[in-house]
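Trainee: I am new to this structure. Where should a reader begin?
Mentor: Let us take one feature at a time.

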Amino acid sequence: MQIIRSDPTKRLHELIFSLIVSAKKRLYIESPYFIPDPAVMLALKTAAAKSVDVAVVLPGKPDKKLVYTGTMSYVREMQPSGIRFYRYRKGFIHSKVIISDDVAFSGSANLDMRSFWGQFEIDALFWDGNVVGCLARDFFRDLEDCEAISPAEFEGRNWKQRAYEVWARLISPLF
């Protein structure tokens, strides 16, 4: 295990990006706030294009509606690449985990631009197979309490909802 400290001068972005691009078989993510920057979005789409099993668990009941609306705009854009997104049915999920093959990352950092670039975070990187296995089992246990977010959910939205999503997406770097 390695403890990773980050702040506005020592950033997590490169580490998270590296975990995503190095995945060969599986990439499992749980994050209460999912606002990826363009590089992370491209890395996730590329992983899915390389036949990596990419699954993301998001809260079922958001604590911040504006952030959640921004998140859904990213989900809508990324689903066609083969990334599977799930909504946690039991409500708000606060887990912050990335499992990339046989390595896991967990701690205070969200998968959002604030954690990448401007916040003080403390996380751990795990290489121990037992710990990674436990985190993977927890991911699948959480997945049992999830529902898939289907592309059909985004069809038929009224213009007000679409406008709200566009606006939330535009200001999402501030979240």
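**Reading the model: cavities, sheet and helices**

Mentor: Begin inside. The second largest cavity has a volume of about 30 Å³. Keep in mind that this is a predicted model.

Trainee: Which residues line the second largest cavity?
Mentor: The lining consists of P32, Y33, P59, P62, D63, K64, V67, Y68 and F92. Sort them by class. Seven are nonpolar, none are polar and two are charged.

Trainee: How many cavities of 30 Å³ or more does the count give?
Mentor: The count comes to two. The largest cavity has a volume of about 50 Å³. Around the largest cavity sit I16, I29, E30, S31, K96, V97, I98, F105, A109, N110 and L111. Seven residues of that lining are nonpolar, two are polar and two are charged.

Trainee: Which strands each supply at least two residues of the lining of the largest cavity?
Mentor: Those are β2 (26-30) and β6 (97-100). Both also belong to the sheet, in the order β1-β9-β7-β6-β2-β4-β5-β10.

Trainee: How do I read that sheet?
Mentor: Ask about order, pairing and edges. Eight strands form an open sheet, and the pairing is mixed. The edge strands are β1 (2-6) and β10 (146-148), each paired on one side only. Then look at the turn between neighbours. On average, neighbouring strands are turned by 20° against each other, direction ignored.

Trainee: In which sense do β7 and β9 pair, parallel or antiparallel?
Mentor: Strand β7 (residues 103-107) and strand β9 (residues 121-126) are antiparallel, with four bridges. For one position to find by eye, take G107, which stands opposite D123 in β9.

Trainee: Which helix packs on the sheet?
Mentor: Helix α5 (residues 129-144) does. The strands α5 touches are β2, β4 (53-59), β5 (84-88), β6, β7, β9 and β10. The direction of α5 makes about 65° with that of β2.

Trainee: Now two helices. What is the angle between α3 and α6?
Mentor: Helix α3 (residues 65-78) and helix α6 (residues 159-171) pack at about 95°, and their axes are 8 Å apart. Angles of 65 to 115 degrees count as roughly perpendicular. Therefore α3 and α6 are roughly perpendicular to each other.

Trainee: Which residues make the contact?
Mentor: From α3, they are K65, L66, T69, G70, S73, Y74, R76 and E77. From α6, they are Q161, Y164, E165, W167, A168, R169 and I171. By class, this contact of α3 with α6 has six nonpolar, four polar and five charged residues.

Technical notes
Residues are numbered from 1 along each chain as its sequence is written. This is a predicted model: local features need pLDDT of at least 70, side-chain atom pairs count only at pLDDT 80 or more; totals for chains, interfaces and linings use all residues. Side-chain values use heavy atoms; hydrogens and water are left out. Axes are lines fitted to C-alpha atoms, for helices over the stretch in contact, and angles run from 0 to 180 degrees between N-to-C directions. Angles under 35 degrees count as roughly parallel, over 145 as roughly antiparallel, 65 to 115 as roughly perpendicular and the rest as oblique. Contact means heavy atoms within 4.5 Å. Ala, Val, Leu, Ile, Met, Phe, Trp, Tyr, Cys and Pro count as nonpolar, Asp, Glu, Lys and Arg as charged, and the others, Gly among them, as polar. On a 1 Å grid over the protein atoms alone, a cavity is a set of points where a 1.4 Å probe fits but cannot get out, and a pocket is an open set with protein on both sides within 12 Å along at least five of seven lines; lining residues have an atom within 4 Å of a point. Grid points are joined across faces, edges and corners, and a volume is the space filled by probe spheres set on the points. Two strands pair if DSSP finds at least two bridges between them.
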